[in-house]
Structure formats: structure tokens, C-alpha cells
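Subject: Structure handover

Hello,

Here is the structure you asked for. Please open it alongside this message and find each residue as it comes up.

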Amino acid sequence: MKTIRIFTIASLLAAVSLTSCLKDSDGNSNSGLTPAEKEYCATIVKGNYTGSLIYAAKNIQNVNDVTDTLDISWSVNTDSTLTIHRFPSRLLAENISDEALKNAIAEAPDQDINCRIGFITKNPIQWLINPAAPCFNIQFDGAEHKFYVGFYVNSTNSFGRYTSNDKMVEMQIIEGAIFMDNNETGYLTTATPFAFVAEKK
């Protein structure tokens, strides 16, 4: 399924609008919102969303068709918490180099991803997203191990924004590493961005 409103992975990765909004004309940070301003931002964006998850996908019949979409929901719960519901495990496994591990994570149940968020600008409303790492208990190499899928944190490439003129919420998180029993591995071949788009009802 292709989303009608194309919000490409490439444009998200650039995150130009976010990083530019984090600097004022003198190059100084303007991200220090007051508690009242953070409460205002949370009041605007708080709620339940159903929208599109956009991810990199190869179409062998059309090399210019490089993304695909599926339906997903998330909730902005407070001024510091966000939950992505039932994130597809198969997408987290897509760029894992070890075939057995890739298949095991792909076949695991989908998981909620709990995120800490922090509002950084009021106009437009923008926030950083720090996802907690989903955990998978997997039999691997003759023993059971805990595998964690780590995401970028404290990064301007992991962010959300709300545009009031069209009432759209747009977000991105980036899968960045695979950990086995708390040790980082080399099983993830490339950092993988995931974009989210929904209209504020």
C-alpha cells in the first residue's frame, strides 16, 4: 500500500527543518522551553493517532519506488511519553545480517515501543524522540539470549513535529544497533529510518 501523501525517508533523514529550528539567527540554541510552553505543546499534540508507517522497501520492477507503507497507531500520553503500538517485528529484522537471527526476530510478536519525548520548539511544535529498545528472547547459537533493538536517542534525526496549517503530525525514529545480552553486535548492516504520518483529529 502506498500513502497518498508522500513523506519520503530521504527527506526525513535530512531533518533540515528541525535542525534549523533549533538555532536562532545568531546560531544559539532556542530549545529551552519553559514548563508552561511544554505543557502547551503537549496539550496540542496529546492524543491517539492512526496513520502511516513509511519504511524503505525495494521494488524490483521499479527502482524509483523505494518506500512502502502500512497502517499503524501511536499515542502521545503526556509531555514526556509516547507509545508506538504493535510495531512490526519483521521491519526491525529487515537489515539483520545473520539469517537465523533475522528470521527469529521477524517471526516474533509485534511489540509496543515506549518512547521518552522532549518538546524543543513551540512554533512550530517539535520534539525529540528517545525510543526504548524492544527486547526479544531468542534461541540463538545453542542458547537463549536477550536481543535488544536499539534506536538513535538524543538525536535531531529522531524527532516529531506538528504543523498547524494542515494538522499533520510527522515523526521519525531510526533503528541503529542490535544488542545481545547488553553487548552491541555487528548484526545490523545499516541504520534504518522509520517515518510516521497522521492527521490530528
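The notes below go through the backbone, one hairpin, one loop residue, the charged pairs and the cysteines. Keep in mind that this is a predicted model.

Backbone

Most residues other than glycine have a negative phi, and most peptide bonds are trans. Three places in this model depart from that pattern.

The bond joining Asn123 to Pro124 is cis, and its omega is near 5°. Pro124 lies in the loop that links strand 4 (111-122) to strand 5 (125-131).

The other two places are aspartates with a positive phi. For Asp141, phi is near 55°; for Asp181, phi is near 50°. Asp141 belongs to the loop between strand 6 (135-140) and strand 7 (143-151), while Asp181 sits in the loop between strand 9 (168-180) and strand 10 (183-184). Their accessibility can be compared with the cut-offs: exposed means over 50%, and buried means under 20%. Asp141 has a relative accessibility of 73%, so it counts as exposed. Asp181 has 33%, so it counts as partly exposed.

The hairpin of strands 6 and 7

Asp141 comes up again here. Strands 6 and 7 make a hairpin with 2 residues between them, and Asp141 is in the turn. The two strands pair in the antiparallel sense over 6 bridges. To see one pair of facing residues, look at Ile138, which stands opposite His145 of strand 7.

Which side chains of strand 6 are buried? Phe136, Ile138 and Phe140 are, and they point to one face of the strand. Cys135, Asn137 and Gln139 point to the other face and are not buried. The side chains therefore alternate along the strand.

A loop residue

Leu188 is in the loop between strand 10 and strand 11 (192-199). Is this residue buried or exposed? Its relative accessibility is 13%, so Leu188 counts as buried. Leaving aside neighbours within four places in sequence, Leu188 is in contact with Asn95, Ile96, Glu175, Gly176, Ala177 and Ile178. Of these, Glu175 is 13 residues away from Leu188 along the chain, and the C-alpha atoms of the two are separated by 8.8 Å.

Charged pairs

Side chains of opposite charge can pair when their charged atoms come close. How many salt bridges does the structure hold? There are 2.

One joins Arg161 and Glu170, with the closest N and O atoms 3.0 Å apart. Arg161 has a relative accessible area of 16%, so it is buried. Glu170 is buried too, at 5% relative accessibility.

The other joins the side chains of Glu199 and Lys201, at 4.0 Å from N to O. Here Glu199 is partly exposed, with a relative accessible area of 42%. Lys201 is exposed, at 83% relative accessibility.

Cysteines

A disulfide is a covalent bond between the sulfur atoms of two cysteines. How many disulfides does a search of the whole structure find? The search finds 0. Cysteines are present all the same, including Cys41, which is buried at 0% relative accessibility. Cys115 is buried as well, at 4%. Cys135, mentioned above with strand 6, is not buried.

Regards

Definitions and conventions. Residues numbered from 1 in each chain as written. Predicted model: local features only at pLDDT ≥ 70, side-chain atom pairs only at ≥ 80, totals over all residues. Heavy atoms only, no water. Helix = DSSP H or I, 4+ residues; strand = E, 2+ residues; numbered from the N terminus. Buried < 20%, exposed > 50% of the residue type's maximum accessible area, 1.4 Å probe, protein only. Pairing = 2+ DSSP bridges. Contact = heavy atoms within 4.5 Å. Disulfide = S-S within 2.5 Å.
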